[in-house]
Amino acid sequence: MPRLDSCVLAVIVLLSCCYHMTSATSLKHLLQNKRNTDTAVPEGHTGSEVEVDPQNGEMEPQPYTPDAFPPCVSVEYLTVLKHRFETQIDRNNDGRATFEEMRRHLQDYNPNVRDATVADFIGRRDDNGDGIIDFVPEYVKNVITPDYSEENAKEWFNLDNTNGDDFVTRDELMTIARHIGTPEEQADAQVSGYYLSNDKNGDDKLDWDEYKVIYGQ
């Protein structure tokens, strides 16, 4: 059997992602709306609301955007996601995140994470119920069509709140960023701009009411 060229394989994976995440939209419609960002943009949208660059490469959502819709990602961006998936989660590079791999990944956020929390985290993203997060479509879908529910916000609040004091501090966020390999300057910009811009009382930490605003709650 001939070996597939890497570019051909990437295109196949891309089309698979697009199929799973835009099953109600025809491929013809996607191509007609294809912009120079390789993101499908429905009529009436400028495309400015589509931002599919995950914070630090993890599975935590971007800031809430009311008009967000499921985009179709480019091959280049899919390659970035694949690299992050392999380096941060999928240690044996088989395209699947097992319970053990997800536990190790979530321990980069909260070293005290419990097995029940890991199981719930997987269960909320495991579309086919096999107890594993597949790179395609589950991981990619989770990153580019994030969940802004209060349940998901609380899940990440508990992971980011590593000492269990009901606050997410700058130090906790910076420690997490280092654990997942974010460069110091980039980490500081993300913590200050993405998270602590919601710190209304200026105490350099977020309580639950401040934190959940990130998710539009």
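## Helix packing and aromatic pairs

Helices α4 and α5 lie roughly perpendicular to each other, because their angle falls in the range of 65 to 115 degrees. The model is predicted. Two packed helices are described by the angle between their axes and the distance between the axes. For α4 (residues 99-107) and α5 (residues 115-123), the angle is about 110 degrees and the axes are 10 Å apart.

Which residues make the contact? From α4 come F99, M102, R103 and L106. From α5 come D115, V118, A119, F121 and I122. By type, the residues of this contact are 7 nonpolar and 2 charged, with no polar ones.

Now the aromatic rings. The whole structure holds 10 aromatic pairs. One of them joins F157 and Y211. Their ring centres are 5.2 Å apart and their planes meet at 70 degrees, so this pair is edge-to-face. F157 belongs to helix α7 (residues 150-160), and Y211 to helix α10 (residues 208-211). The two residues are 54 residues apart, so the pair links distant parts of the chain. Are F157 and Y211 buried or exposed? Both are buried.

F157 and Y211 also belong to a cluster linked by ring pairs. Its other members are Y194, Y195, W208 and Y215.

Charged ends sit over rings too, as the table shows for K154 and K205.

| Charged residue | Ring | Distance from ring centre |
|---|---|---|
| K154 | W208 | 4.4 Å |
| K205 | F167 | 4.2 Å |

W208 thus appears twice: in the ring cluster, and under the charged end of K154.

Conventions: Residues numbered from 1 in each chain as written. Predicted model: local features only at pLDDT ≥ 70, side-chain atom pairs only at ≥ 80, totals over all residues. Heavy atoms only, no water. Axes fitted to C-alpha atoms, helices over the stretch in contact; angles between N-to-C directions. Helix = DSSP H or I, 4+ residues; strand = E, 2+ residues; numbered from the N terminus. Parallel < 35°, antiparallel > 145°, perpendicular 65-115°, else oblique. Contact = heavy atoms within 4.5 Å. Nonpolar A, V, L, I, M, F, W, Y, C, P; charged D, E, K, R; others polar. Phe/Tyr/Trp six-rings, centres within 6.5 Å; stacked < 30°, edge-to-face > 60°. Buried < 20%, exposed > 50% of the residue type's maximum accessible area, 1.4 Å probe, protein only. Lys NZ or Arg CZ within 6 Å of the ring centre and 35° of its normal.
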